[in-house]
Amino acid sequence: MYIPKNLDDALEYLDKNAPDAIPIAGGTDVLIQIREGKLKPKVLVDLSGFRNQLSYVKRIDGKIVIGALTSVAELDESFLVKDKRYLGFADVSAKFASPVLKALATIGGNIGVAVSASDYVTLLHVLNAQVKLVSVKGERIVPLEKLIVEKRTLAKEPNEIIYEIIFNETPENSSTAFMKFDRREMIITGYVTCAVYLQLKDNIIEDVRIAFDRVSGRIPGRAKKTEEFLRGKEFSLDVIRQAYNEVLPTEMKRKSDFRASAEYRLDMSKVMMKRALLKAKSRIEGGA
Ligand SMILES: Cc1cc2nc3c(=O)[nH]c(=O)nc-3n(C[C@H](O)[C@H](O)[C@H](O)COP(=O)(O)OP(=O)(O)OC[C@H]3O[C@@H](n4cnc5c(N)ncnc54)[C@H](O)[C@@H]3O)c2cc1C
């Protein structure tokens, strides 16, 4: 384990030693990967020493900025879970593992893991989030959608650290919701997860973004055809039903595994989508 003195030290160390050296934040995923022999780094570079520096949720010039080392527990204490527009963050936390895990797991680590069960990734997709990466060479900002290219694969150099997550503040007539369907609480993998962003004006869907744990690949993604169908239409159960019965199945390719069949997952995706949209609508109107 390398314990850097500060962020610059971590970046310099990674520059010289990655990919043999990899970052560790909360360690809730990477240590399991190592224990199971799926990952064999020579050195772990401990980012937790400068957690204070990279743990924040701020409003800056019309944007929300979240430090990569912000834990689930810290997000839970931020203004995000009190603002009706960002209640999707409260939903993710409510379904996230256990209190101990919430104290350790970071939002940057959630992106670093990059699997379908990365719940913040699913939510951040509907907020059109971008990610700031830093290395000794400087910084760059990439859309989250471009950063995660495949399961456990990020389009970033091994010497780059996820520094912060950025998304535009959303209008007052908008809200978010996240839903995870699982028979057992307190575990990582849901059968289906869904996040939505909804913007309504006089009951017309001004804008909508819908993400699932999986749409056609093995990573969280957006159901863009379904969104396109809904945009500009009046918000009604009939329209939502039409969207999930006629459009969603044209872009969603669910897989069967030991937990559930593809058909069941598709059916549950429809249910989750409807419930999440209704929840977001209720939030826009001042409900919980
Ligand atoms: C029992 C259990 C339950 C879980 N439940 C959930 C759940 O409900 N929802 C969910 O989404 N996840 C869940 N997880 C998965 C995991 O806790 C989350 O993905 C968590 O957010 C990972 O963050 P971390 O800080 O622990 O990452 P780490 O384990 O420290 O790192 C994960 C990966 O990201 C990289 N990394 C971390 N931080 C950075 C950075 N700043 N820059 C560059 N690379 C970085 C690491 O090198 C590593 O590859 C669960 C895990 C367990 C063990």
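This is a quick walk through one protein and the ligand bound to it, and the model is a predicted one.

Okay, overall build to begin with. We've got eleven helices and 13 strands in the protein. If you lay the C-alpha trace along its principal axes, you get spans of about 55 × 45 × 35 Å. The radius of gyration comes out at 19 Å, and since a compact globule of 288 residues would have one near 19 Å, the two agree. As for the inside, 42% of the 288 residues count as buried. And if you take contacts between residues at least 6 apart in sequence, 62% of them join residues at least 24 apart.

Now the domains. The protein is split into domain 1, which is 51-113 plus 128-168, and domain 2, which is 174-284. Their centres, taken over C-alpha atoms, sit 22 Å apart. Where they touch, domain 1 puts in 13 residues and domain 2 puts in 13 residues. On the domain 1 side, the elements giving two or more residues are α4 (88-94) and β7 (148-150). α4 has the largest share there, with three residues. So what's the chemistry of that side of domain 1, by class? You're looking at six charged, five nonpolar and two polar residues.

On to the ligand, which I guess is what you came for. There are 32 residues around it, and the ones that come nearest are A25, G26, T28, G109 and G112. Which helix or strand gives the most to that shell? That's α6, with five residues. Several elements supply at least two residues each, and besides α6 (107-113) they are β1 (21-24), α2 (30-35), α5 (99-104), α7 (119-126) and β9 (161-168). By class, the shell has 20 nonpolar residues, nine polar ones and three charged ones.

Last stop, helix α11, residues 262-284. This helix has 23 residues and runs 33 Å from first C-alpha to last, close to the 33 Å expected at 1.5 Å a residue. Its buried residues include M272, M273, A276, L277 and A280, but also R265, K279 and R283, which are charged. What do the buried residues of α11 pack against? Three strands, β10 (174-181), β11 (192-201) and β12 (204-212), plus another helix, α10 (237-251). After α11 comes G286, and that glycine has a positive phi, near 100°.

That's my tour, happy to go back to any part of it.

Definitions and conventions: Residues numbered from 1 in each chain as written. Predicted model: local features only at pLDDT ≥ 70, side-chain atom pairs only at ≥ 80, totals over all residues. Near = placed C-beta within 6 Å. Helix = DSSP H or I, 4+ residues; strand = E, 2+ residues; numbered from the N terminus. Domains from an automatic or database assignment. Contact = placed C-beta atoms within 7 Å. Rg over C-alpha atoms; globule rule 2.2 N^0.38 Å. Buried ≥ 20, exposed ≤ 12 C-beta atoms within 10 Å, placed from the backbone. Expected span 1.5 Å × (residues − 1).
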